Amino acid sequence: MTQINHNYTQLQGSYLFSEIAKRRTTFIQNNPNAQIISLGIGDVTRGLPDAVTKAMHAAVDELANPGSFRGYGPEQGYDFLINDIINNDYKARGIDIATNEVFVSDGSKCDVGNIQEIFSQDAVIAVQDPVYPVYVDTNVMAGRSGKFNKETNQYENIVYLKCDASNNFTPSLPERKVDLIYLCYPNNPTGMTLSKEELKRWVDFAKANDCIILYDSAYEAFIQEADVPRSIYEIEGAKEVAIEFRSFSKTAGFTGVRCAYTVVPRELKAKDADGNVMLVNDLWNRRHTTKFNGVSYVTQRGAAAIYTPEGKEQIGAIIDYYMTNAGIIREGLASLGLEVFGGVNAPYIWLKTPNGLDSWAFFDKLLSEANIVGTPGVGFGQSGQGYFRLTAFGSRENTEKAVERITKLSL
């Protein structure tokens, strides 16, 4: 009989959002008349911007005409989108990025999960705790995690950087040698951010200790405060030590359309087993072109429309809508005396569960008594125990209803 990859046996339980879906389904089966409001999974609810749909319709018409039909496109992305990305997301902020440093893909989740493939299996990874589960699970699958310790609820070979109220959700620098550091800002799940000074500490650490930062910036468009960095490359020297991931999923409603991009600077270097210096950009390009056939032309035309004047205005309205929802949730929970974090520069609200309830107990209470689905903090890591995440991606009506229901709970 064929043997499986034994690393998969180290994965713990169901994937977080699969478990949430399972519990929700069971509850609905037992309570078919319940009116469920979902503020758990970070899926968007607003429609695609008009500028995007018009561009995609035009692209479909192009593909229907033999004279303008396109087959395989460049795996890295079409120049028209890459140039828009560079001019609007980087040059506009004084950051110099070259066209061969941008890789268009079908989602940041895919890229942050796949990036680990180009690094040694012996690489030591450090993750924030709580953390987006994909960072950990993909390294478990690759064999870097070691065994799972049921007493600590952590993997023995992964370095966890605690982020909770005791340190204002700002992780301390690793105390041991690490090779890859996953940072996510604005943070999912806590909704918190780093200042430029705080982010500089990480860049300086990576340069001094020959490690690489994998910087997930999928929510940068939601930043409201001027002093919060939108790109790690705003920090001097970051192109020597960091890879940045960005997404159109939440800003432009592309969760079902699928388009994102990753920036891998040519300055970023690593060594092979013999000590030879190699460009990480070349390795990622090889991996990308070998395993990926590119994002569709129609999708990339839609993504490029985001950068038009009409697109920018419409995207701004969508972001304002979700951030207003975030304010409604944040203020509503705070009025009940709950400890609330995030929701200022990110569409996530992170709350301390009341009365010492653990995360899953609060999930069950919220589902059974208020018919609201959220995300248990412990699902993001041991330091998330006793916390809970709500998203601002629901409709305004459901957001207001959810807050009203929570205010009626006995907390």
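The exercises below, each with a worked solution, concern a predicted model.

**Exercise 1. Overall composition and compactness**

State how many helices and strands the protein has, and decide how its radius of gyration compares with the globule rule.

Solution. Begin with the secondary structure: the protein has twelve helices and 17 strands. Next take the radius of gyration, which is 21 Å. For 411 residues the globule rule gives 22 Å, and the two values are close, so the protein is as compact as a globular protein of that length. The extent of the C-alpha trace along the principal axes is about 60 × 55 × 50 Å.

**Exercise 2. Burial, contacts and surface**

Find what share of the residues is buried, what share of the contacts links residues 24 or more positions apart, and what area the protein exposes.

Solution. Of the 411 residues, 52% are buried. For the contacts, count those with a separation of 6 or more; 73% of them are between residues 24 or more positions apart. Finally, the exposed area is about 18200 Å², and 46% of it comes from carbon and sulfur atoms.

**Exercise 3. The seven-stranded sheet**

Give the strand order of the open sheet of seven strands, identify its edge strands, and describe how β3 is joined to β7.

Solution. Reading across the sheet, the order is β2-β10-β9-β8-β7-β3-β6, and the pairing is mixed. The edges are β2 (102-105) and β6 (159-162), each of which pairs on one side only. On average, neighbouring strands in this sheet are turned by 20° against each other, direction ignored. Now look at one pair within the order: β3 (residues 125-129) and β7 (residues 180-184) run parallel and are joined by three bridges. Within this pair, V127 has Y182 of β7 as its bridge partner.

**Exercise 4. Helices against the strands**

Determine which strands helix α3 lies across and which strands helix α6 touches.

Solution. Helix α3 (residues 79-90) lies across β2, β9 (242-247) and β10 (260-263), and runs at about 115° to β2. Helix α6 (residues 196-208) packs on the sheet and touches β6, β7 and β8 (212-216). The direction of α6 makes about 145° with that of β8.

**Exercise 5. The setting of N7**

Locate N7 in the chain, decide whether N7 is buried or exposed, and list its contacts beyond four places in sequence.

Solution. N7 falls in the segment before α1 (16-30). Its relative accessible area is 12%. Buried means under 20%, so N7 is buried. With neighbours within four places in sequence left aside, N7 is in contact with Q121, V140, M141, A142 and G143.

Definitions and conventions
Residues are numbered from 1 along each chain as its sequence is written. This is a predicted model: local features need pLDDT of at least 70, side-chain atom pairs count only at pLDDT 80 or more; totals for chains, interfaces and linings use all residues. Side-chain values use heavy atoms; hydrogens and water are left out. Helices (H or I, at least four residues) and strands (E, at least two) are DSSP runs, numbered from the N terminus. Buried means under 20% relative accessible area, exposed over 50%, partly exposed in between (1.4 Å probe, protein chains only). Contact means heavy atoms within 4.5 Å. Two strands pair if DSSP finds at least two bridges between them. Axes are lines fitted to C-alpha atoms, for helices over the stretch in contact, and angles run from 0 to 180 degrees between N-to-C directions. The radius of gyration is taken over C-alpha atoms; the globule rule is 2.2 Å times the number of residues to the power 0.38. Accessible areas come from the Shrake-Rupley method with a 1.4 Å probe; for residues, only the protein chains shown count as cover.
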